[in-house]
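This report describes a predicted model of a protein. Look at the sequence and the structure first, then read on.

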Amino acid sequence: AVMWLRAERQVRDLGIDPDRIGVLGGSAGGQLAAMLGVRGTGALDKGSRVAVVVSWSGLMDLEAIETTKFDADLFGCSGLACLDMAAGASPVTHVDPTDPPVLLVNAADDPITKVGQTVEMAVALDDAGVRHDVLVVPGSAHSMQLAADAWAETLAFITRYLIP
C-alpha cells in the first residue's frame, strides 16, 4: 500500500508527498503499523518504508503471549513450532537504527495489551537509537478508546516528524 501511494500517479492525483508518509493503528492495527515501521532498512522515503509510526495498544512481542489458543488461532500451530512464527510477527524483534520515530500509546491497565509490551518495545527502540515517545494513560482503555487521552499527543508527534 505504501509503495502504491508513492507511485507517480497517486503522488500527482492525490497530492501525496512521498517523503512524508506515516501510519497509525490501534490494537491489531497498532501491531501492523509497528511492523510496517520496523520491517526493512534504509531510507524512510523509499519503497514501503514510512516516516513515522503511531501504535495505540499494539502487541509488540507475540512470543510473550502464552496461550495455546492464541498460537493455534493466529499461527495454526502449537508449542515450539510457533516460536519462530511469533518472533517473525513481533515488531520488537525487527527494530534497527534505520527505523522511523515511533509513538507507543497504552493504558496502564489494558487487559488485552499489557503495558509491558509497550515498555519492551521502548527499550528495544532505545537500544537501537530510534527516536520514540511513550504515552501510558491511566485506566483500562484499549485501542481507539484511548483517543480522548492520546489524540493531542499523537497529532503533536506526527506533526513533529511529518510537517516541515
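## A buried acid in a loop

Asp-61 sits in the loop that runs between strand β2 (52-56) and helix α4 (68-75). Is this residue buried or exposed? Asp-61 is buried, yet it has no salt bridge. A salt bridge needs a side-chain nitrogen of Lys or Arg within 4 Å of a carboxyl oxygen of Asp or Glu. For Asp-61, the nearest side chain of opposite charge belongs to Arg-39, which is 13 Å away. Leaving aside residues up to four places away in sequence, Asp-61 touches Ser-90, Val-92, Gln-117 and Glu-120.

## The sheet and its helices

Four strands form an open sheet in the order β1-β2-β3-β4, and their pairing is parallel. The edges are taken by β1 (22-26) and β4 (132-137); each has a single partner strand, so one side of each is left without a neighbour in the sheet. On average, and with direction ignored, neighbouring strands of this sheet are turned by 10 degrees against each other.

The pairing of β3 (residues 102-107) with β4 can be followed in detail. The two strands run parallel and are joined by six bridges. Within this pairing, Val-102 stands opposite His-132 in β4.

Two helices can be placed against the sheet. Helix α6 (residues 115-128) packs on the sheet and touches β3 and β4. The direction of α6 makes about 160 degrees with that of β3. Helix α7 (residues 147-162) lies across β1, β2, β3 and β4, and runs at about 170 degrees to β2.

## Helix α3

Which residues of helix α3 (residues 28-38) are buried? They are Gly-30, Gln-31, Ala-33, Ala-34, Met-35, Gly-37 and Val-38. A general point helps in reading such a list: an α-helix has 3.6 residues a turn, so residues three or four places apart point the same way. Just after α3 comes Gly-40, which takes a positive phi of about 90 degrees.

## Salt bridges

How many salt bridges does the count give? The count comes to five salt bridges. The table shows three of the pairs, including the N to O distance for each.

| Acidic residue | Basic residue | N to O distance |
|---|---|---|
| Asp-13 | Arg-12 | 3.1 Å |
| Asp-99 | Arg-49 | 3.5 Å |
| Asp-133 | Arg-160 | 3.1 Å |

The pair of Asp-99 and Arg-49 links distant parts of the chain, 50 residues apart. Asp-99 is in the loop between α5 (81-88) and β3, while Arg-49 is in the loop between α3 and β2. Both Asp-99 and Arg-49 are buried.

The side chains of Asp-133 and Arg-160 also meet in a salt bridge. Asp-133 lies in strand β4 and Arg-160 in helix α7, so this pair ties together parts that are 27 residues apart in sequence. Asp-133 counts as partly exposed because its relative accessibility is 23%. Arg-160 counts as partly exposed because its relative accessibility is 46%.

Asp-13 and Arg-12 belong to a network of salt bridges that also includes Arg-9. Asp-13 has 46% relative accessibility and therefore counts as partly exposed. Arg-12 has 52% relative accessibility and therefore counts as exposed.

Methods:
Residues are numbered from 1 along each chain as its sequence is written. This is a predicted model: local features need pLDDT of at least 70, side-chain atom pairs count only at pLDDT 80 or more; totals for chains, interfaces and linings use all residues. Side-chain values use heavy atoms; hydrogens and water are left out. Buried means under 20% relative accessible area, exposed over 50%, partly exposed in between (1.4 Å probe, protein chains only). Lys and Arg count as positive and Asp and Glu as negative; His and the chain ends are not counted. Contact means heavy atoms within 4.5 Å. Two strands pair if DSSP finds at least two bridges between them. Axes are lines fitted to C-alpha atoms, for helices over the stretch in contact, and angles run from 0 to 180 degrees between N-to-C directions.
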